[in-house]
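I opened the model to look up its confidence, its folds and one contact between chains. My notes follow in the order in which I took them.

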Amino acid sequence: MNPPRENGFAGRKEAPDAEETLRLIAGLPAPRGLEERVKRSLRMDSGGAKVMEWPAEFTPGQRWTQGPWVRCAAAAAIVLVVAGGSWGVYPHRQTTPAPKATVLPHIPAAHGFENANAIRTPQTLQGPVVKKVPQGTGAKTSQKNTKSKPHAGAKAAGNQAP
Amino acid sequence: MMSAGQSVLTGWMEIAPSAVHDQTRREAEEQALAALVDQYASTLYRVAFSVLRNSADAEDAVQEAFLRVLRHRDSLGEVRDHRVWLVRIVWNIVLDRKRRAKTRPETDDVNDLARVLPANGLSAEQRTAAAQHHAHVLACVDRLPDKEREVMVLSAFEELSSVEIASVLNITESSVRSRLFRARNLMAELLNHSRSSR
């Protein structure tokens with residue numbers, strides 16, 4: 001006879017067939033020697049794990065890390081690895097060149113401030129104005145004057161301000 | 001006199017526990033593990049067998065469970081209830097195996113069930129009839145949804161309370177009760193349907 005149940009089956013007068021069958025299977029005894037076989041497999045596994053462990057001279061109990069030379073060599077190796085790794089990265093670093101000229105984007109004129117197609121003409125100096133000399137009378141004298149001295153009136157006209 | 005750099009290196013790389021302490025601790029862990037095997041191997045086997053229904057597979061599952069414990073023996077001290085913890089481990093193992101295998105359990109065969117189940121002074125004919133009945137019931141159990149089937153299988157273990165079943169399945173106790181209720185109704189329907197169709 002089964003003892004009183006803790007998990008809610010105890011109070012049922014008519015236990016269903018399924019529960020009876022499952023209870024029957026759950027109550028089957030374990031095979032003989034199960035514990036010994038499990039312990040043996042555990043021993044084998046722990047023995048196999050020792051093969052993968054560090055050799056005896058490198059186990060933590062031997063304090064191999066207390067030797068000053070070993071410690072210095074380990075520290076130097078770490079420094080070399082870090083420095084070498086950073087040096088391997090540095091030459092491949094690409095710096096972006098500074099722009100030589102600043103290109104401003106084209107901004108379209110806003111409404112209400114357009115130039116209405118007006119063209120600005122810069123202020124320039126007016127050219128010299130040459131007075132017309134009457135033909136026939138002063139042709140010879142003008143040729144002479146051009147060779148000897150410029151005319152006083154022409155000089156004044158050439159220097160006329162705009 | 002030790003230089004400043006040397007003293008920093010010494011503090012950085014020194015390993016504190018001694019070899020003697022490690023040896024003592026390892027022996028204590030092995031003894032604790034052996035005690036767990038003695039105490040709970042039978043329970044774990046029955047849990048595994050109830051799912052796999054195969055003696056060799058169930059024993060393999062128990063061994064794998066304890067091997068997992070061996071590999072995580074450092075966390076043994078943090079476990080509050082070893083029994084529930086071990087049942088949860090073996091439960092996950094057998095569910096995983098059953099999912100992977102997807103094969104018919106060996107004891108679905110009526111002859112195997114007749115060999116495994118207790119005779120209780122029955123005649124050969126009665127034993128065969130009982131085995132056929134149990135095989136039919138187990139076939140109906142296998143047709144239940146996973147959640148309901150798992151609760152029903154675990155609730156058949158007298159040593160597991162509903163709180164412990166909830167802990168094994170990582171659900172609440174009320175979920176255990178509601179799933180068990182649904183499982184019973186579904187099983188009644190399945191069995192009635194099969195009886196009426198005969």
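Entry 1, chain B. I started with contacts in chain B at a separation of 6 or more: 61% of them join residues 24 or more positions apart. A contact here means that two C-beta atoms, placed from the backbone, lie within 7 Å. I noted that this is a predicted model, in which local features need pLDDT of at least 70, side-chain atom pairs count only at pLDDT 80 or more, and totals for chains, interfaces and linings use all residues. Residues are numbered from 1 along each chain as its sequence is written, and chains are lettered from A and ligands numbered from 1 in the order in which they are written.

Entry 2, secondary structure. I found nine helices and zero strands in chain B, and five helices and zero strands in chain A. Both element types are DSSP runs numbered from the N terminus, helices being H or I over at least four residues and strands E over at least two.

Entry 3, burial. I read 31% of the 198 residues of chain B as buried. For chain A, 6% of the 162 residues are buried. The cut-offs are 20 or more other C-beta atoms within 10 Å of a residue's own for buried, 12 or fewer for exposed, and partly exposed in between, with C-beta atoms placed from the backbone.

Entry 4, confidence. I looked up pLDDT, the predictor's confidence in each residue from 0 to 100. Chain B has a mean of 81, and 81% of its residues reach 70 or more. Among the elements of chain B, helix H1 (residues 4–13) has the lowest mean, 45, and helix H8 (residues 162–169) the highest, 93. Over residues 1–13 of chain B pLDDT stays under 50, and the model has six contacts beyond four places in sequence for them. The model scores are ipTM 0.75 and pTM 0.57.

Entry 5, H1(A) against H6(B). How do the axes of these two helices cross? I found that helix H1 (residues 17–26) of chain A and helix H6 (residues 124–142) of chain B have axes that come within 9 Å and cross at roughly 105°. The axes are lines fitted to C-alpha atoms over the stretch in contact, with angles from 0 to 180 degrees between N-to-C directions. H1(A) and H6(B) are therefore roughly perpendicular, a label for angles of 65 to 115 degrees, with under 35 roughly parallel, over 145 roughly antiparallel and the rest oblique.

Entry 6, A:Ala18. I placed A:Ala18 in helix H1 of chain A. A:Ala18 is buried, with 24 other C-beta atoms within 10 Å. Beyond four places in sequence, its contacts include B:Val137, B:Met152 and B:Met187.
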